[in-house]
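Here are my notes on the model you sent over, as numbered points. I went through it one topic at a time, so dip in wherever you like.

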Amino acid sequence: MKCPSGKRAYPTKERAEEVLIETKIKFRYPLETGPVNVYECQDCGDYHLTSQGEVSEVLKSDKIKKEIEREREARHWERKRW
Ligand SMILES: [Zn+2]
């Protein structure tokens, strides 16, 4: 089912959070800009990313922050090899 919002939908909160983290790694947004959280959509019942409101608890977690840093570093070096 396609969502009237036109946003990409994810079936679970966990999946949406994974994508949120992945987005931070890929696009190198500061944690407070770009997509910052996930929400359950009233229209389609799935989850979307949002750039508005509170920063997700997931992104505030030290463990995840470290993981994002580590992944960014790793990919930085991968790119340099090309
Ligand atoms: Zn929706």
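1. Glu 57 and Lys 60 form a salt bridge, with 3.6 Å between the closest N and O atoms. Keep in mind that this is a predicted model. Both residues sit in helix 2, three residues apart, which is about one turn of the helix. Glu 57 counts as exposed, at 60% relative accessibility, while Lys 60 is partly exposed at 39%. Elsewhere, Glu 22, Glu 71 and Arg 75 are joined into one network by salt bridges that share partners.

2. How many salt bridges does the count come to? The count is six. One of them pairs the side chains of Arg 15 and Glu 18, at 2.7 Å from N to O. These two are three residues apart in helix 1, so about one helical turn separates them. Arg 15 is partly exposed, with 38% relative accessibility, and Glu 18 is partly exposed too, with a relative accessible area of 48%. As general background, side chains of opposite charge can pair when their charged atoms come close.

3. Glu 17 deserves its own paragraph. Its salt bridge partner is Lys 13, and the closest N and O atoms are 3.9 Å apart. If you apply the rule, that pair still counts, because the cut-off is 4 Å. Glu 17 and Lys 13 are four residues apart in helix 1, so the separation is again about one helical turn. Is Glu 17 buried or exposed? Glu 17 is buried, since its relative accessible area is 16% and the limit for that label is under 20%. Lys 13, by contrast, is partly exposed at 39%. Leaving out residues up to four places away in sequence, Glu 17 touches Val 38, Ser 56 and Val 58.

4. Now the metal. Which residues coordinate the zinc ion? The ligands are Cys 3, Cys 41 and Cys 44, each through SG, plus His 48 through NE2, at 2.1 to 2.4 Å. The four donor atoms subtend angles of 104 to 119° around the zinc ion, and therefore the arrangement is tetrahedral. Along the chain, the donors follow the spacing C-x37-C-x2-C-x3-H. Cys 3 and Cys 41 link distant parts of the chain, being 38 residues apart: Cys 3 is in the segment before helix 1 (13–27), and Cys 41 is in the loop between strand 1 (37–40) and strand 2 (47–50). Both cysteines are buried, Cys 3 with a relative accessible area of 7% and Cys 41 with 5%.

5. On to the hairpin. Strand 1 and strand 2 run antiparallel, joined by four bridges. The hairpin they form has six residues between the strands, and Gly 45 in the turn has a positive phi of about 80°. Tyr 39 has His 48 in strand 2 as its bridge partner, and His 48 also gives its NE2 atom to the zinc ion. So if you look at this pairing and the metal site together, His 48 is the residue to click on, because it takes part in the tetrahedral set of four donors.

6. Which residues touch the most other members of the largest nonpolar core? They are Ala 16, Ile 21, Leu 49 and Ile 68, out of 13 residues in that core. Two or more residues each come from helix 1, strand 2, helix 2 (57–60) and helix 3 (62–80). Helix 1 gives the most, with five residues.

7. Leu 49 has a contact list worth scanning. Not counting neighbours within four places in sequence, Leu 49 is in contact with Lys 7, Tyr 10, Ala 16, Val 19, Leu 20, Thr 23, Pro 35, Asn 37, Val 38 and Tyr 39. Ala 16, one of these contacts, is also among the core residues named above. Val 38 is on the list as well, and Val 38 is also touched by Glu 17.

8. Last one: Arg 28. Where is Arg 28 placed? Arg 28 lies in the loop between helix 1 and strand 1, and counts as partly exposed, at 40% relative accessibility. The C-alpha atoms of Arg 28 and Glu 69 are separated by 9.6 Å, with the two residues 41 apart along the chain.

Notes:
Residues are numbered from 1 along each chain as its sequence is written. This is a predicted model: local features need pLDDT of at least 70, side-chain atom pairs count only at pLDDT 80 or more; totals for chains, interfaces and linings use all residues. Side-chain values use heavy atoms; hydrogens and water are left out. Donors are N, O and S atoms within 2.8 Å of the metal (3.2 Å for Na, K and Ca); water is not among the atoms, so sites may look incomplete. Four donors count as tetrahedral if all angles lie between 85 and 135 degrees; four count as square planar and six as octahedral if opposite donors are over 155 degrees apart and all others between 65 and 115; anything else is irregular. Buried means under 20% relative accessible area, exposed over 50%, partly exposed in between (1.4 Å probe, protein chains only). Contact means heavy atoms within 4.5 Å. Two strands pair if DSSP finds at least two bridges between them. A nonpolar core is a set of buried Ala, Val, Leu, Ile, Met, Phe, Trp, Tyr and Cys residues joined through side-chain atoms within 4.5 Å.
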